[in-house]
Amino acid sequence: MQPNLPAGGKTLIYFTIDNHDVKLDYYLPPATSGNLPAIIYYHGGGMTAGSRRGRGFPHWLYNHCQQKNYIFISADYRLCHPTTALDQIEDAKALFTYLSGPFQSALPSQLTLDTTRIAVTGFSAGGFSARAACVYADPKPAALLTGYGSCGDWLLDHWTTARPPTSIAGMVDLNAIPQLLADKTVVSDDMPVEGGVMSNRFALTVRWELDGTFLDGCLGRPGLGAELNKVGYEDRAGKIPEELKPAFLQLFVDEKYPPSVFVHGTADEVVPDQESITHYEQLKALGVKTELLLVEGGGHGLVDFSGGFPPKPAKGSVEAYNRGLEFIDEVFGSV
């Protein structure tokens, strides 16, 4: 077990495909009986890296589940290259199918999971899996919370054009790109080396961002970003190949979408706050319960490194997350 993880977690395989196992960890609350809600956590990592057990594990979210007697679930998903964002959609669907079936038998005899009260959360690239669950999963999540979450608007120039390196680009070795691309091993649990923040698989994301080929890499379609960039933002949806449209989740937001709360820093250079703003405005126009909690001056990850390492929470982020948790509690209370 990683030293940064709470005690008591148990690991299960929730999906096996092509002999590859995709896993989750679950943590039970103090309650020993009852039909309990759950909160799912999807990690970030640029779509290409990360793990359910990584350094970004949200202890504040786990602690809330312990206090409220919610089951906490941290789930892996297949990472881009050689698999794609379309495979991550299948993983999200598979997770909810598993939770509503086999997972129940893994719980102590007096406990059950209330499948009408499952909230899904996603941070950075984990926002894709969380949002995908809201569109495609059955049963549908009861609520969504994203933190600096991606994939609220994949048609922005930010994703279709080349851009300067971000503050986290220096953490990887871009010389390893040919080797990473040549390796066709499916990966869903990508822990960094001891003491590291992320593995060098994240170099794929950095390369794609520098080249304006992020969408190409995530969807396995060379030239996609350049093709979309030939037209203005308003016309891009019409240029998406039909077989890739399911990955552009903003196209499938409707009045049946779960209540959603978005936490995002206004100075995020990695995932622009427009991602959350677009999604919030869509839901508001549809009459879906939603809140947008912008953290003024907050960067990606909503942490402040000015005082050294480990970083402190960005000013205003704790209050925003606390409100996000209250939002989930309110939704659970109304079901």
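User: How many salt bridges does the count come to?
Analyst: Happy to start there. This is a predicted model, where local features need pLDDT of at least 70, side-chain atom pairs count only at pLDDT 80 or more, and totals for chains, interfaces and linings use all residues. Residues are numbered from 1 along each chain as its sequence is written, and side-chain values use heavy atoms, with hydrogens and water left out. With a salt bridge taken as a side-chain nitrogen of Lys or Arg within 4 Å of a carboxyl oxygen of Asp or Glu, the count comes to 20.

User: Which residue meets Asp 91 in a salt bridge?
Analyst: Asp 91 lies in helix H2, and its partner is in the loop between strand E4 (71-75) and H2, 13 residues apart; helices (H or I, at least four residues) and strands (E, at least two) are DSSP runs numbered from the N terminus. Both residues are buried, a word for under 20% relative accessible area, with exposed over 50% and partly exposed in between (1.4 Å probe, protein chains only). The N to O distance is 2.8 Å, and the partner is Arg 78.

User: Is Lys 239, which pairs with Glu 227, buried, partly exposed or exposed?
Analyst: Lys 239 and Glu 227 form a salt bridge whose closest N and O atoms are 3.5 Å apart. Glu 227 has a relative accessible area of 32%, so that end is partly exposed. Lys 239 has 34% relative accessibility and therefore counts as partly exposed.

User: What is the nearest side chain of opposite charge to Glu 275?
Analyst: Glu 275 sits in helix H10 (residues 274-286). For charge, Lys and Arg count as positive and Asp and Glu as negative, while His and the chain ends are not counted. Glu 275 is buried yet has no salt bridge, and at 5.3 Å the nearest such side chain is Arg 131.

User: Which helix gives the most to the largest nonpolar core?
Analyst: A nonpolar core is a set of buried Ala, Val, Leu, Ile, Met, Phe, Trp, Tyr and Cys residues joined through side-chain atoms within 4.5 Å. The largest one has 77 residues, and Phe 128 and Trp 154 are among those with the most contacts inside it. With 8 residues, the helix that gives the most is H2 (residues 85-99).

User: Where is Phe 309 placed?
Analyst: Phe 309 has a relative accessible area of 62%, so this residue is exposed. Its place is the loop between strand E9 (303-304) and strand E10 (312-313).
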